[in-house]
Amino acid sequence: MLELKNINFSAGGQNILKDLSLKISTGKFIAITGPNGSGKSTIAKIIMGIEKPNNGQILFNGIDITNTSITERAKLGISFGFQAPVQFKGLTVLDLLNLSAGKKLDYSEARSYLYKVGLCGSKYLNREVDSSLSGGELKRVEIANVLARNAKLSIFDEPEAGIDLWSFNNLIQVFNDMRAEYKGSIIVISHQERILNIADEIVLIQDGSVNKKVRTSKDLDNASGLACCCQLKKGETA
């Protein structure tokens with residue numbers, strides 16, 4: 001499915017990724033974690049084409065996409081969810097779903113995507129994708145659009161950022177459902193233990209390289225004393 005070969009990336013005079021190599025199989029839910037500044041989000045952006053590596057190679061289903069644009073990667077079936085979902089003033093949720101699906105959806109189809117992420121279609125389809133939606137609502141609208149794209153690879157960069165506990169609990173359920181039903185591969189950049197625990201594999205990044213791959217968050221305990229997993233307490237935001 002996806003292979004990163006000897007990826008190096010520098011910015012602002014700092015070496016962020018250092019000879020990083022990583023393989024991700026088809027149909028897997030992969031969590032990438034690690035301390036702040038380790039290069040987690042940079043990996044996601046390089047896969048999507050938002051950032052370009054200084055050297056190395058990126059293969060997607062056997063195709064070299066190292067120098068392809070974001071648009072070309074999207075056409076190949078890669079989608080990206082930002083830490084802070086983009087707002088579109090004047091564009092409704094239904095408009096966005098139609099764009100993601102590449103066709104005009106009927107109301108029942110559109111409602112089904114929203115239902116999968118815990119939103120009522122009749123209340124949200126005609127709402128604008130703007131600041132009138134909460135952080136949790138925007139996250140779920142974004143995930144609904146990922147589902148409508150039917151992407152082969154979906155990447156989420158710290159989806160828990162800036163949302164409250166109630167929205168976080170719903171987000172966990174959405175990812176659980178995606179893991180059970182989604183045919184493509186999923187990469188989630190996160191340090192939240194509850195997200196790590198539903199992954200098929202956890203990739204630990206330290207100092208710009210892959211430190212280790214494990215099956216559960218408990219296996220991270222002995223990784224250089226890393227304390228990167230935490231659970232939200234009542235009243236906290238992710």
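Helices and strands here are DSSP runs numbered from the N terminus: a helix is an H or I run of at least four residues, a strand an E run of at least two. The model shown is predicted.

**View 1. D19 in strand β2.** D19 lies in strand β2, which spans residues 14-24. Its phi is positive, near 55°, and D19 is a residue other than glycine. D19 is partly exposed, with a relative accessible area of 46%.

**View 2. N6 in strand β1.** Strand β1 covers residues 2-11 and holds N6. N6 is not a glycine, yet phi is positive here, at about 50°. The relative accessible area of N6 is 40%, so this residue counts as partly exposed.

**View 3. Helices α6 and α7 in contact.** Helix α6 comprises residues 135-149 and helix α7 residues 165-181. Their axes come within 10 Å and cross at roughly 10°. Angles under 35 degrees count as roughly parallel, and α6 and α7 are therefore roughly parallel to each other. The crossing of this pair, α6 and α7, is left-handed. From α6, the contact takes in G136, R140, I143 and L147. From α7 come W166, S167, N170, L171, V174, F175 and M178. The residues in this contact of α6 with α7 are seven nonpolar, three polar and one charged.

**View 4. Helices α4 and α6 in contact.** The axes of α4 and α6 come within 8 Å. They cross at roughly 125°. The helices α4 and α6 are therefore oblique to each other. The crossing of α4 and α6 is right-handed. On the α4 side, the contact residues are Y113, L114 and K116. They meet A144, L147 and A148 of α6. By class, the contact of α4 with α6 has five nonpolar residues, no polar ones and one charged. L147 of α6 appears here and in the contact of α6 with α7.

**View 5. The buried face of helix α4.** Helix α4 runs over residues 107-116, with A110, Y113 and L114 buried. Seen down the α4 axis, the buried residues fall within an arc of 95°, so they line one face of the helix. The cover over these buried residues of α4 includes α3 (93-101), α5 (121-124) and α6. Two of the buried residues, Y113 and L114, take part in the contact with α6. Just after α4 comes G118, with a positive phi of about 80°.

**View 6. The buried residues of helix α3.** In α3, the buried residues are V93, L94, L96, L97, N98 and S100. The helices packed against by these buried residues of α3 include α4, α5 and α6. Strands β7 (88-92) and β8 (128-129) are also among the elements they pack against. G102 follows α3 and has a positive phi, near 75°.

**View 7. S154 in strand β9.** S154 sits in β9, a strand of residues 153-157. The relative accessible area of S154 is 0%, so it is buried. Leaving aside residues up to four places away in sequence, S154 touches S79, V146, Y182, S185, I186 and I187. Of these partners, I187 belongs to strand β10, and V146 falls in the residue range of α6.

**View 8. I187 in strand β10.** I187 is part of β10, which spans residues 185-189. I187 is buried, at a relative accessible area of 1%. Its contacts, not counting residues up to four places away in sequence, include L153, S154, I155 and F156. L2, I24, I30, I32 and I47 are touched by I187 as well. K28 and I187 are separated by 159 residues in sequence, yet their C-alpha atoms are 8.2 Å apart.

**View 9. E201 in strand β11.** E201 is in β11, the strand of residues 201-206. E201 and I30 lie 171 residues apart in sequence. In space, the two C-alpha atoms of E201 and I30 are 5.2 Å apart. Beyond residues up to four places away in sequence, E201 touches F29, I30, A31, K213 and V214. I30 is thus a contact of E201, and I187 touches I30 as well.

How values were computed: Residues are numbered from 1 along each chain as its sequence is written. This is a predicted model: local features need pLDDT of at least 70, side-chain atom pairs count only at pLDDT 80 or more; totals for chains, interfaces and linings use all residues. Side-chain values use heavy atoms; hydrogens and water are left out. Axes are lines fitted to C-alpha atoms, for helices over the stretch in contact, and angles run from 0 to 180 degrees between N-to-C directions. Angles under 35 degrees count as roughly parallel, over 145 as roughly antiparallel, 65 to 115 as roughly perpendicular and the rest as oblique. A crossing is left-handed if the near helix is turned anticlockwise from the far one by less than a right angle, and right-handed if clockwise. Contact means heavy atoms within 4.5 Å. Ala, Val, Leu, Ile, Met, Phe, Trp, Tyr, Cys and Pro count as nonpolar, Asp, Glu, Lys and Arg as charged, and the others, Gly among them, as polar. Buried means under 20% relative accessible area, exposed over 50%, partly exposed in between (1.4 Å probe, protein chains only). The arc is that of the directions from the helix axis to the C-beta atoms.
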